[in-house]
Amino acid sequence: MAVKKQIILNAFVMNTPAHMAPGQWRHPRNKTANYTKLSFWTDLARLLDTAGFHAMFIADTLGPYDVYKGPGNVVPSLSSGAQYPVNDPLYLVPSMASATKNLIFGVTASLTYEAPYSLARRLSTLDHLSNGRVAWNIVTSYLDSAARNHGLTEQIPHDERYARAHEYMEVLYKLWEGSFRDDAVVQDVESGVYISPDGVRAIQHAGRYFRVPGPHFCEPSPQRTPFLFQAGVSEAGNGFGGKHGEAIFVAGQTPEGVRGTVENIRRVAAAEGRDPAHIKVIVGITLIVAATDEEAYAKREEYLRYADAEGVLALFGGWTGIDLSKYDDDADFRFADETKVASIVKRWASSVPGTANLPWTKRRIVEFLSVGGIQTKIIGSGKTVADELQRWVEVSGVDGFNIAHITNPGSFEDVIEFLLPELRARGLFRDKVEKEGVTAREAYLGVGQVRLPEDHPGSYYKWRAGEAVPKYQEEAGSA
Ligand SMILES: Cc1cc2nc3c(=O)[nH]c(=O)nc-3n(C[C@H](O)[C@H](O)[C@H](O)COP(=O)(O)O)c2cc1C
């Protein structure tokens, strides 16, 4: 095969007992029930760092999955640990950074329920403490329960969330890139000046959604703007990602289907004046890998014995907003009245070999989702899985994968033992890092690229050494 592009591999996790595979916390190779212990996280970070993974990517939500048997019913999530409880991911980063050399930490933080001024400070703090090894996964959130618990009666409508998000980013760029000049922090012992007052400016942002005078409350961190991940697959989501995202996390069942999303993102980026090649597209995937195909399928059977159907249905309810408890056990959802569930299930049916013409009952949905969630799954030996990943890269044009786990660290240990040697033998995965201890942006875009690239819209707000005021203020005449 022709492709020799080296692929990016991230470990996809969440600060919770059951991320994508409810029930597996009971499996002997699973340690996620220790998610409240720092040692669980530092051990995992060391495992991934030593193996050469690019990043640990941590999902997050701001409310429970309470649609199934609902509305407002948290019992199925609670009793199965299905993304409940969920601790804050940001606090994990400093300890994991100090335990590792190269691993990047991609943390999810929603910009729908937190003021830009405070999120800017939290992310700058992480960028300082990790020496630039942090990436921010920008999400707009999708749960009604999050809206209700943050003082709203319902979610802000989908496209308006993205409109707010665009302005939110403008505020952040002004704080991160435009409120401290590059030479502002002098720490001059002789004169006793820590920061030169003429190197710091108010941002005076007054927009439709936000009023923030600034300046930023943190001194410049290594990357200033942390490396920007974005997750979202709608038209508005791609519009946002193509403009702001430096790496985009997408979902999809087939490489042919994901190809359209990848092309759309790159098209938006080009229309925004960006080099589309600067954007990395990463797809979520679940791998069950073992020494042989037979052993991998046997592993799947074993996982199914630990699956928790109620937890899986709770996750499905949260992801889709659809309560499957209303349906009979033998209903075939390919033909459900609710068009949304029918279209989701038909997509799955067309991607799971041999199931296109079989009934997709609740039981089949549970079976599909319980071993690795909503993502596409590849099962087999290192060779089988490597062949399939290679095909994904060739057909879809993605740059890498967020690998979900069924057991943790078990699934990652299997990838390290059975898949990485195969990928390395094909020249598809790095043998070693190009340079030790680089920032998140350098790890994804290349050594030396610490700050936002010049073609990124956030660079417009940069206040450079020697300039009297940041360019955006000069042009607005508000200096
Ligand atoms: C692959 C992927 C991962 C996501 N991860 C999260 C997450 O961890 N937390 C969250 O609140 N939303 C997450 N989202 C949801 C998005 O932020 C967004 O709210 C949702 O997908 C709706 O936007 P869309 O219609 O543009 O996809 C994710 C979306 C996708 C596609």
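The following exchange concerns the domains, a pocket and the nonpolar core of a predicted model.

User: What makes the second largest pocket one that lies between domain 1 and domain 2?

Analyst: Domain 1 (8-293 + 377-476) and domain 2 (308-370) both contribute residues to the lining, so the pocket lies between them. Helix H9 (293-306), helix H12 (362-370), strand S12 (376-381) and helix H13 (382-396) each provide at least two lining residues.

User: Which residues lie nearest the centre of this pocket, and what is the character of its lining?

Analyst: Of the 24 lining residues, Ser351, Val352, Pro353, Lys377 and Ile379 lie nearest the centre. The lining consists of 10 nonpolar, 7 polar and 7 charged residues, and the volume of the second largest pocket is about 590 Å³.

User: How do you know that domain 1 and domain 2 are in contact?

Analyst: Contact requires heavy atoms within 4.5 Å. By that criterion, 21 residues of domain 1 are in contact with 21 residues of domain 2. The centres of the two domains, taken over C-alpha atoms, are 29 Å apart.

User: Why is Phe53 called a member of a nonpolar core?

Analyst: A nonpolar core joins buried residues of certain types, Phe among them, through side-chain atoms within 4.5 Å, and Phe53 therefore meets this description as a member of the largest such core. That core has 76 residues, of which Phe53, Met56, Trp136, Phe401 and Leu423 touch the most other members. Helix H6 (residues 158-178) supplies the largest share of this core, 9 residues.

User: Which residues does Phe53 contact beyond its neighbours within four places in sequence?

Analyst: Its contacts include Leu9, Leu48, Leu103, Ile403, Phe412 and Phe429, as well as Asn10 and Arg430.

Technical notes. Residues numbered from 1 in each chain as written. Predicted model: local features only at pLDDT ≥ 70, side-chain atom pairs only at ≥ 80, totals over all residues. Heavy atoms only, no water. Buried < 20%, exposed > 50% of the residue type's maximum accessible area, 1.4 Å probe, protein only. Helix = DSSP H or I, 4+ residues; strand = E, 2+ residues; numbered from the N terminus. 1 Å grid on protein atoms, 1.4 Å probe; cavity = no way out; pocket = protein on both sides within 12 Å on 5 of 7 lines; lining within 4 Å. Points joined across faces, edges and corners; volume = space filled by probe spheres on them. Nonpolar A, V, L, I, M, F, W, Y, C, P; charged D, E, K, R; others polar. Domains from an automatic or database assignment.
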